[in-house]
Amino acid sequence: MSRTLADTLSAQVTGPVLVPGDDGYDDEVAAFNLATTLRPDVAVGATSTQDVVAAVRAARAHGVPLVVHATGHGAEHPVTSGLLVSTRRLDAVHVDPAARTATVGAGVRWAAVAAAAAEHGLAPVAGSSPTVGVVGYLLGGGVGPFARSHGFSSD
Ligand SMILES: Cc1cc2nc3c(=O)[nH]c(=O)nc-3n(C[C@H](O)[C@H](O)[C@H](O)COP(=O)(O)OP(=O)(O)OC[C@H]3O[C@@H](n4cnc5c(N)ncnc54)[C@H](O)[C@@H]3O)c2cc1C
């Protein structure tokens, strides 16, 4: 099943499509949290929105679970099957200094936002770690050092 799914996706996805044993598989699924195990049947390294759409559709068509993996800072539950979408190549950052907003790709980490914002004399309401992913942090609420003065980052 995993090889069939991988072959199907390889024809549709620009990024790497990897199964256990492939070169690059271990790097693709590596997580910051070494206490958990990420060993999906197939790992997709998304490079675009289209790659993500293809992965979601393939997972649904094959009836397999799908997980999203940014940095693995928050990887708490082992993944032993299914399809994993890695977002780390989606690393675009755009800061609008007039609006004081940042638009980021799904794989962006806070250090990149801090650097881009600093060029405009701004700073993100981030957490304590520069290597935590922006999306995972915000989905979790985001209770960082600025919380007392600026509120939860998810606000
Ligand atoms: C050293 C360290 C310091 C930290 N400091 C703080 C802090 O100051 N304040 C604070 O609030 N938290 C802090 N955290 C916790 C951290 O914010 C959470 O673990 C956060 O969920 C990590 O997000 P991630 O994207 O980096 O990790 P991941 O493990 O890759 O993702 C975390 C979760 O979000 C999901 N996810 C990620 N991207 C997407 C996406 N694009 N779409 C859908 N789901 C997605 C993943 O599936 C996973 O369930 C810290 C963690 C560490 C290890």
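Here are a few questions and answers about the ligand in this predicted model and the protein around it.

Q: Into which domains is the chain divided?
A: Let's start with the overall layout. The C-alpha centres of the two domains, domain 1 and domain 2, lie 25 Å apart. Going by residue numbers, the chain splits into domain 1 (2-86) and domain 2 (93-143).

Q: Where does the ligand lie relative to domain 1 and domain 2?
A: The ligand sits in the largest pocket. Domain 1 (2-86) and domain 2 (93-143) both give residues to the shell around the ligand, so the ligand lies between them.

Q: Which helix gives the largest share of the shell around the ligand?
A: In total, 21 residues surround the ligand, and V68, T71, H73, G133 and V143 are the closest. The largest share of that shell is 4 residues, and they come from helix 5 (residues 134-139).

Q: How many charged residues does the shell around the ligand have?
A: Sort the shell by class and you get 10 nonpolar and 11 polar residues. That leaves the charged class, and the count there is none.

Q: What percentage of the ligand's accessible area does the protein cover?
A: Some backbone atoms come up close to ligand oxygen atoms: for H73, a backbone N or O atom lies 3.4 Å from one, and for A75 the distance is 3.2 Å. On its own, the ligand has 960 Å² of accessible area, and the share the protein covers is 68%.

Q: How far is a polar backbone atom of G74 from an oxygen atom of the ligand?
A: Here the contact involves the backbone of G74. The distance from its polar atom to the ligand oxygen is 2.8 Å.

Notes
Residues numbered from 1 in each chain as written. Predicted model: local features only at pLDDT ≥ 70, side-chain atom pairs only at ≥ 80, totals over all residues. Heavy atoms only, no water. Near = heavy atom within 4 Å. Polar contact = N/O pair within 3.5 Å; in protein donor to acceptor, adjacent residues only side chain to side chain. Areas by Shrake-Rupley, 256 points an atom, 1.4 Å probe, with all protein chains shown as cover. 1 Å grid on protein atoms, 1.4 Å probe; cavity = no way out; pocket = protein on both sides within 12 Å on 5 of 7 lines; lining within 4 Å. Sits in = over half its atoms within 2 Å of the grid points. Helix = DSSP H or I, 4+ residues; strand = E, 2+ residues; numbered from the N terminus. Nonpolar A, V, L, I, M, F, W, Y, C, P; charged D, E, K, R; others polar. Domains from an automatic or database assignment.
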